[in-house]
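Work through three short exercises on the model shown here. Try each task before reading its solution.

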Amino acid sequence: MTNHDCFEADICEKILSETLRSIINDDISPILAEYLIDKTISFYNLMKNNPCVVIYGPPNSGKTRVIELLEKAFEKICEDEEKAKKFRRIRPIKQLELFYNCDIWEEMFGEMKPDPDLGNVWHYGMFHSYI
């Protein structure tokens with residue numbers, strides 16, 4: 001007999017999944033709802049293990065929807081003190097929107113600039129400054 005509630009990570013995923021199901025509107029198809037739940041849980045697992053996560057993809061592919069679902073789920077989870085204790089590592093989600101071919105690479109990520117006294121000096125871009 002396998003008990004999937006014996007590990008903290010499994011308990012958190014179960015709570016998150018149940019919370020997401022309660023948030024997602026009934027007006028979307030069950031297949032789309034399960035897809036969004038799966039992607040939101042994957043996003044949560046990435047955020048749990050990495051200080052920075054970059055989400056990219058074509059327009060209208062669900063990137064913003066997944067972020068919003070996770071934020072709403074965390075808000076709802078934090079209303080219940082017992083559930084919130086399971087999510088000790090929840091940090092605020094900071095979102096920076098970058099648009100491919102619309103923002104200049106150097107402004108986004110930084111660049112080396114010559115300095116007469118110091119030689120080449122790295123100047124940080126928006127991405128580093130935001131983190």
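The exercises cover cysteines, a pocket and a loop residue in this predicted model.

**Exercise 1. Cysteines**

Task: Determine how many disulfides the structure holds, then classify C12 and C78 by exposure.

Solution:
- Step 1. Apply the distance test: a disulfide needs two cysteine sulfur atoms within 2.5 Å. The structure holds 0 disulfides.
- Step 2. Take C12. Its relative accessibility is 4%. Buried means under 20%, so C12 counts as buried.
- Step 3. Take C78. Its relative accessible area is 45%. That value makes C78 partly exposed.

**Exercise 2. The second largest pocket**

Task: Describe the second largest pocket by volume, lining and residue class.

Solution:
- Step 1. Start with the volume, which is about 230 Å³.
- Step 2. Count the lining: 14 residues. Nearest the centre of the pocket lie K39, I55, G62, K63 and V66.
- Step 3. Assign the lining to helices. Both α2 (30–49) and α3 (63–78) supply at least two residues each. The most comes from α2, with 6 residues.
- Step 4. Sort the lining by class. There are 9 nonpolar, 3 polar and 2 charged residues.

**Exercise 3. A loop residue**

Task: Where does N60 lie, what is notable about its phi, and is N60 buried or exposed?

Solution:
- Step 1. Locate N60: this residue sits in the loop between α2 and α3.
- Step 2. Check the backbone. Phi of N60 is near 60°, a positive value in a residue other than glycine.
- Step 3. Check accessibility. N60 reaches 83% relative accessibility. Exposed means over 50%, so N60 counts as exposed.

Conventions. Residues are numbered from 1 along each chain as its sequence is written. This is a predicted model: local features need pLDDT of at least 70, side-chain atom pairs count only at pLDDT 80 or more; totals for chains, interfaces and linings use all residues. Side-chain values use heavy atoms; hydrogens and water are left out. Buried means under 20% relative accessible area, exposed over 50%, partly exposed in between (1.4 Å probe, protein chains only). On a 1 Å grid over the protein atoms alone, a cavity is a set of points where a 1.4 Å probe fits but cannot get out, and a pocket is an open set with protein on both sides within 12 Å along at least five of seven lines; lining residues have an atom within 4 Å of a point. Grid points are joined across faces, edges and corners, and a volume is the space filled by probe spheres set on the points. Helices (H or I, at least four residues) and strands (E, at least two) are DSSP runs, numbered from the N terminus. Ala, Val, Leu, Ile, Met, Phe, Trp, Tyr, Cys and Pro count as nonpolar, Asp, Glu, Lys and Arg as charged, and the others, Gly among them, as polar.
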